[in-house]
Amino acid sequence: MNRRAKKKWLLLVVVIAVVALFDGLSSNINLLDRAIVVGMGIDIEDGEIVLSTQVIIPRNSSSASEGNDFVVYTARGKTVQQAVENLSYTVGLKASFAHTNVIILGDKFLKSGRTDVIEFLVTSDMVTDNTLLVASAGDAKELLAVQMPINEVASYHLTEILQSNRKDAGQNPSSLKQYFEEIYMVGETACLPLVFLRESEFGMLGQAAGDEKTKLLDVSHVVVTNKEGFLVRLGRRQSAALSYTTQKLNAGTIAYKGDDGTEKEAVILRTDCKKTALTYSEVEIKIDFSVRPAQKYYVSAYGSAKGISEEEKDQIRADIISSVADCFEVCKYFEADVFHVGEELYRRFGEEWKMSAGKTYLDDVKLKITVDLNVK
């Protein structure tokens with residue numbers, strides 16, 4: 001190779017290195033130029049996606065005011081991607097979703113049948129698979145902007161509730177990954193915790209006692225969905241029954257009437273559930289409960305210390321069985337397989353069962369519910 005050819009190759013290498021360097025610098029956005037999204041709400045209005053985001057604005061940014069680093073921004077678009085692009089224009093910063101803790105789906109959106117939005121969130125790398133997914137009783141934007149106690153923001157409060165080490169009865173957390181897995185099980189049914197507001201007893205830190213009260217987020221109800229969206233809303237008792245069969249609980253209470261006629265509670269220490277397909281038309285749900293009495297122990301006629309009598313235990317068992325059966329029957333009416341009994345039948349009997357059962361298999365399924373109650 002002559003000297004002239006060597007110079008050409010050397011010049012080419014230098015040009016490639018310079019282009020790569022400047023390209024890297026152009027994509028390396030400074031932290032102060034990013035809008036870090038910690039919570040996201042999706043609503044629908046006039047056929048457009050309304051994307052609301054709870055954003056951390058770096059303190060050195062001119063967008064932050066009065067030392068408040070959390071701001072809710074809203075943008076619209078025909079698609080999520082278009083709304084995200086419009087959001088960056090609105091904020092004046094590059095929107096970053098890597099730290100998004102929770103996605104709130106508004107009531108109107110869930111009933112709109114916009115399946116493309118969830119598919120985009122699942123298939124894109126916009127957010128992580130373990131991002132929490134919840135439903136709102138109203139507009140998602142309102143939840144993000146709600147005034148919380150001790151200057152906390154709604155996104156963090158929801159995360160603390162749903163990812164706490166205390167697995168409370170009635171709470172049924174779901175992530176984007178879990179939703180995707182459940183919607184593609186037999187029955188195509190998924191459940192989302194329903195978030196609604198209730199007033200707390202306290203005002204904001206530093207405010208006078210007579211000022212407006214702060215709000216708390218309640219997640220004790222559930223929205224049942226399929227691929228197309230909303231199916232049915234479960235109440236508090238049915239949501240608790242769902243948690244008995246799908247979660248390993250270590251918190252919460254079960255109310256019962258004592259032998260003396262007073263209202264009492266049993267504190268849940270641990271639960272476990274096992275589902276078994278017995279025949280094509282019968283599935284057994286066996287729930288193991290460990291509880292302790294909330295009230296003081298008493299001494300029985302035989303001299304032993306007891307907190308819950310046998311009659312009271314029978315009452316608790318009956319109430320648990322009744323609530324699980326009620327939840328199943330309500331969801332069966334809407335063809336919603338919340339307990340995933342179809343998946344158990346398919347695992348046990350395979351394609352032969354699936355071909356014979358059809359889409360209305362829930363009409364023929366009966367639950368055999370047993371409760372093993374241990375008092376500690």
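Here are four short exercises with worked solutions on this predicted model.

**Exercise 1. The open sheet**

Work out the strand order of the open four-stranded sheet and find which strands form its edges.

*Solution.* Start with the order: the four strands run 10-11-12-15, and their pairing is mixed. Next, look for strands that pair on one side only; these are strand 10 (253-257) and strand 15 (366-375), the edge strands. Then zoom in on one pairing: strand 12 (residues 282-293) and strand 15 are parallel partners, joined over 10 bridges. One bridge to pick out links Lys286 with Thr370 of strand 15. Finally, consider the twist: ignoring direction, neighbouring strands in this sheet are turned by 40 degrees against each other on average.

**Exercise 2. Helices against the sheet**

Find which strands helix 8 lies across and which strands helix 9 touches.

*Solution.* Take helix 8 to begin with. Helix 8 crosses strand 10, strand 11 (263-279) and strand 12, and runs at about 60 degrees to strand 11. Now turn to helix 9, which packs on the sheet and touches strand 10, strand 11, strand 12 and strand 15. The direction of helix 9 makes about 145 degrees with that of strand 15. To finish, check how covered helix 8 (residues 236-246) is: eight of its 11 residues are buried. Among them are Gln238, Leu242 and Tyr244.

**Exercise 3. The largest nonpolar core**

Which residues touch the most other members of the largest nonpolar core?

*Solution.* This core has 44 residues, and the ones touching the most other members are Val224, Tyr244, Phe289, Ile320, Phe339 and Val341. As for where members come from, helix 9 (residues 310-333) gives the largest share, six residues. Follow Ile320 next: setting aside residues up to four places away in sequence, Ile320 touches Tyr244, Ile254, Ile287, Phe289 and Val371. Apart from this core lies another, of 37 residues, including Val80, Leu87, Val127 and Tyr179. As background, nonpolar side chains tend to be buried together in soluble globular proteins.

**Exercise 4. One serine**

Is Ser96 buried or exposed, and which residues is Ser96 in contact with beyond its neighbours within four places in sequence?

*Solution.* First, place the residue: Ser96 belongs to strand 4 (residues 94-96). Second, apply the cut-off, since buried means under 20% relative accessible area. Ser96 has 12% relative accessibility, so Ser96 counts as buried. Third, list the contacts beyond four places in sequence: Arg34, Ala35, Ile36 and Val37. Last, look at Met126, which is 30 residues from Ser96 along the chain; their C-alpha atoms are separated by 8.5 Å.

Key. Residues are numbered from 1 along each chain as its sequence is written. This is a predicted model: local features need pLDDT of at least 70, side-chain atom pairs count only at pLDDT 80 or more; totals for chains, interfaces and linings use all residues. Side-chain values use heavy atoms; hydrogens and water are left out. Buried means under 20% relative accessible area, exposed over 50%, partly exposed in between (1.4 Å probe, protein chains only). Helices (H or I, at least four residues) and strands (E, at least two) are DSSP runs, numbered from the N terminus. A nonpolar core is a set of buried Ala, Val, Leu, Ile, Met, Phe, Trp, Tyr and Cys residues joined through side-chain atoms within 4.5 Å. Contact means heavy atoms within 4.5 Å. Two strands pair if DSSP finds at least two bridges between them. Axes are lines fitted to C-alpha atoms, for helices over the stretch in contact, and angles run from 0 to 180 degrees between N-to-C directions.
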